[in-house]
Amino acid sequence: MKYEERLQNVTVLGAAGKMGSGILLLTAIEMADLSLRPENKGKTFVLNAVDVSDEALHGLMGYLRTQVQKIAEKKAVQLRAFYADRADLIENFDIIDEYIFDVLNIVRPVNALEVAYNSHLIFEAIKEDPALKVKIFSQIKNNSKTEPWFFTNTSSIPITELDEKAQLDGKVIGFHFYNPPAVQKLVEVIRSKHTTNEVYEFALQYAKNLRKVVVPSHDFAGFIGNGHFMRDALYGIKEAQRLEPQMGYVKAIYAINKLTQDFLIRPMGIFQLVDYVGVEVCSYIMSVMNPYLKNEDLHADLLDTMIDQKILGGQFSSGAQKDGFLKYEKGRPVAIWDIYSKTYVNIDSFSAEVDTLLGAMPSKMQAWKSINFSKSKDAQLAEIFAELLTMNTLGAELAKKYNQRSNEIGKALVNDGVAASDQDVNTVMLTGFYHAYGPINNYL
Amino acid sequence: MKPHKKVYMYGGYNTVSMGTGRKEFNPKKERPGLEHYIQEAGQGVLKQIGGAQNVDDGVIGNFMAARFNNQANLPGFLPYIDKGLSMKYGTSVEGACGSGGLALQAAIRNVLSGSEVSLALGVEVQNTMKAIYGADVLAGAGWFKKRKAGHAYFFPGQFSERAGAYFQKYGKERARKGMSRWYANAIENARLDETAQEFHNTNADPFATCLSMEPNGKAFVDNLNVLDCSKVSDGASAIVVCSEEGLKRIGVDKSEAVEVISFVQSVRNITEDPTDLTELEAIKYAANKAIAEAGISVHQIGTAEVHDCFSIAGILTVEALGLAKPGEGCDYVAAGKTARNGEFPINTSGGLIGWGHPTGATGVHQAVTIWQQLTGRAGNYQVNIDASRPYGITINMGGDDVTISAIVYKRG
């Protein structure tokens, strides 16, 4: 079956979710572009957007329309060529409108799984629950008329386990997008022990057409991205707990969040990142990964406490950040959740005190936003961190240790065979997490 | 045409040319509309001439308010400037990006047919839609039957073809140098005029920036980069056209005004492609006719305002004026001869690329700049006007070398 034939009937499971909606968008665009090629005129392309929630599917179509319009506006030059033979489409307005229609006309929002039985390709972006994934894969596999290939967006479950339990005979691959899929360039591709070459090659072609950066990861729970992030987050939690007797809980959370964002020049602090991913999701991913880990307990009681207190982070369907470890106003953290008093404490009321405790930052320090896009990024980072290395402040000491730990986590992923090289680990953190520099570095 | 009686211009006013590049511009926030710009520019003139009671009639030049702003019937906005214009004669004219020039031409004709003081105002408010849709609207300056085959960015596409033909005939490297110098001159001049869209531009080396930006046909057009193009602008300009009686009425000495020595308006058939992509035939015709009718040579002109909607159009206009031979306009510009301190300063307040291109306003803005330069009012962007070269010229173009206005001026 040729590439475009496989893409003539596709199902996205969990299509209205945070990851599913992005995967659906990118796939819909790829399918529409295929359908507009002269050799494919007259062929029908179908993309089933399956989700349990009608309400979410309703919202999904609005999201798609807005996003497809933006994409169409950006590629209007190309679209004019696509529609060159349509005498009725003259202005950019006409052409963009038609393209939006053509993309949306491929998508079938539905809450019944049965539509997947006709698909050649299944993208799965449902809840990170191994048993549920196996159940659904089996159901589709057993009822399908088409022997579909399964692309799972799991960020933590070993693909071989899904393959074997659902008896997919190697017609499955881990295809892990980063959030949000429409923006983040990275895709981790993970073969199960049995994944066929044909499936793997299709996955690479599909990633290339979507202009994604592919990093292959060995099939080990958490892969590279969560392999680093979850351990990094756990370390952040432990560091905050270590500081707690000295400065109190709220200030410790603030200190570590500030440290990871400002001193380590990351796009967001570690607790903000946990909020962004979702407290419950992080906890769940840790629990999925944990049974596979030897000599390591990937678990944080603090996350359980937060979940008990129903302080969960995550995002609204609009993409706005929900409150979690931090409380947000217009996307900016303004307060920290106190697990003892069960209230948010305004950052303004104590930040000056903690900032003083952490001490001054290097004189040339800049925010992630100005470093990450700078042409002289590497030289600037080297200069800043060289100065940080000479400093004895609390902040400098914590930052050095934090970076060393991040380095260790990265090296361990290579040593354990999860990542093929230092380079792959760094690429994942640079493109999937938008870090300005990789964890495996000689800076600190 | 030479006016059969004395005709002057006075009291020019420009709003800010608003759009990307201005610090105060925020595309996500609501901005002043068409009526605001008309009112500001109109009142800016009325303040200098003793008020609306001194005005006999008015002309508004505008290209596409009907699509950018869903607004037609623009003469109705003349009394919105000042109730003193209520019930007076008013009209509007359209000739694409040459609409401002047509407003001047119409006001001159009003004066020649008996009016004493005629208000000429040009306006366009284009930031109401994204550039990709604005390109559709602006494509109306071409023949609609050619729209389908045209580029998504229709006019950049048209002038990219001209630039491509020029590259092929005369050499790309030389041409790109001239085009990049054109851009740099535009920015350097615009930085001296606080109403200019590029007034806040701080690039230390605009020449190098433009030269290093290789055109990319996949994202935009084949032979122009975005800096070769004028930007999307909101703005208005106005000036009054007066007879000698009119000047007396508003209490202005003719030495404070510019005299219209000759005025030419000519059109080329919009349904025909240019015979030679490397020549602006209609501009060449109109500009040289205006110069000849003024009874002067181009070398008696101290400064010019030309229609550089694209850098290549600026260079082709230099050649059309005979300042350089065909194919050598790029070298002439690259050598700095059109810079503000060069031998023939062009577009001294930034032109369309530097000051901005609110399409319907541009022709009037050109006249305002010439009035300022010839009467010593140009402030920071004043250039030296030598007594041996006391003339100024404006050349305004609608479409791809289609609707041309050329006017020769001298201090009154």
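Contact between two domains means heavy atoms within 4.5 Å of each other. By this rule, 19 residues of domain 1 of chain A are in contact with 15 residues of domain 2 of chain A. The structure examined here is a predicted model.

In chain A, the domain assignment places residues 3–216 in domain 1 and residues 225–432 in domain 2. The centres of domain 1 and domain 2 of chain A, taken over C-alpha atoms, are separated by 32 Å. Between them, these two domains of chain A bury about 1,400 Å², with 55% of that area on carbon and sulfur atoms. On the side of domain 1 of chain A, the residues that lose the most area to domain 2 are Lys18(A), Ser156(A) and Val215(A), which together account for 27% of what that side buries.

The count of salt bridges between domain 1 and domain 2 of chain A is zero, whereas seven residue pairs are found in polar contact across this interface, both residues being at pLDDT 80 or more. Two elements of chain A, β7 (186–191) and β8 (213–216), give two or more residues to the side of domain 1 that touches domain 2. Of these, β8(A) gives the most, with three residues. By class, this side of domain 1 of chain A has nine nonpolar, four polar and six charged residues.

Chain B is likewise divided, with domain 1 comprising 8–130 + 232–256 and domain 2 comprising 143–231 + 266–355 + 383–407. The C-alpha centres of domain 1 and domain 2 of chain B lie 25 Å apart. Their contact takes 26 residues from domain 1 of chain B and 18 residues from domain 2 of chain B. The area buried between the two domains of chain B is about 1,500 Å², and carbon and sulfur atoms give 50% of it. Ser17(B), Arg22(B) and Cys97(B) supply 28% of the area that domain 1 of chain B buries against domain 2, more than any other three residues.

Between domain 1 and domain 2 of chain B, the count is zero salt bridges and 14 residue pairs in polar contact, with both residues at pLDDT 80 or more. On the side of domain 1 of chain B that touches domain 2, β1 (8–14) and α4 (99–112) of chain B each supply at least two residues. The most come from α4(B), with seven residues. This side of domain 1 of chain B has nine nonpolar, 14 polar and three charged residues.

Over all chains, the count comes to 40 salt bridges. One of them joins the side chains of Arg266(A) and Asp232(A), at 2.7 Å from N to O. Arg266(A) lies in the loop between α10 (249–263) and α11 (270–277) of chain A and Asp232(A) in helix α9 (residues 225–247) of chain A, so the pair ties together parts 34 residues apart in sequence. Arg266(A) is buried, at 7% relative accessibility, and Asp232(A) is buried at 2%.

A further salt bridge is formed by Lys364(A) and Glu383(A), whose closest N and O atoms are 2.8 Å apart. Lys364(A) is partly exposed, with a relative accessible area of 46%, and Glu383(A) is partly exposed at 41%.

In chain B, Lys146(B) forms a salt bridge with Asp273(B), the closest N and O atoms being 2.6 Å apart. This pair links distant parts of the chain, 127 residues apart. Lys146(B) counts as partly exposed at 25% relative accessibility, while Asp273(B) is exposed, with a relative accessible area of 54%.

How values were computed
Residues numbered from 1 in each chain as written. Chains lettered and ligands numbered in written order. Predicted model: local features only at pLDDT ≥ 70, side-chain atom pairs only at ≥ 80, totals over all residues. Heavy atoms only, no water. Domains from an automatic or database assignment. Buried area = accessible area lost by both parts, 1.4 Å probe. Salt bridge = Lys/Arg side-chain N within 4 Å of Asp/Glu carboxyl O. Polar contact = N/O pair within 3.5 Å; in protein donor to acceptor, adjacent residues only side chain to side chain. Helix = DSSP H or I, 4+ residues; strand = E, 2+ residues; numbered from the N terminus. Nonpolar A, V, L, I, M, F, W, Y, C, P; charged D, E, K, R; others polar. Buried < 20%, exposed > 50% of the residue type's maximum accessible area, 1.4 Å probe, protein only.
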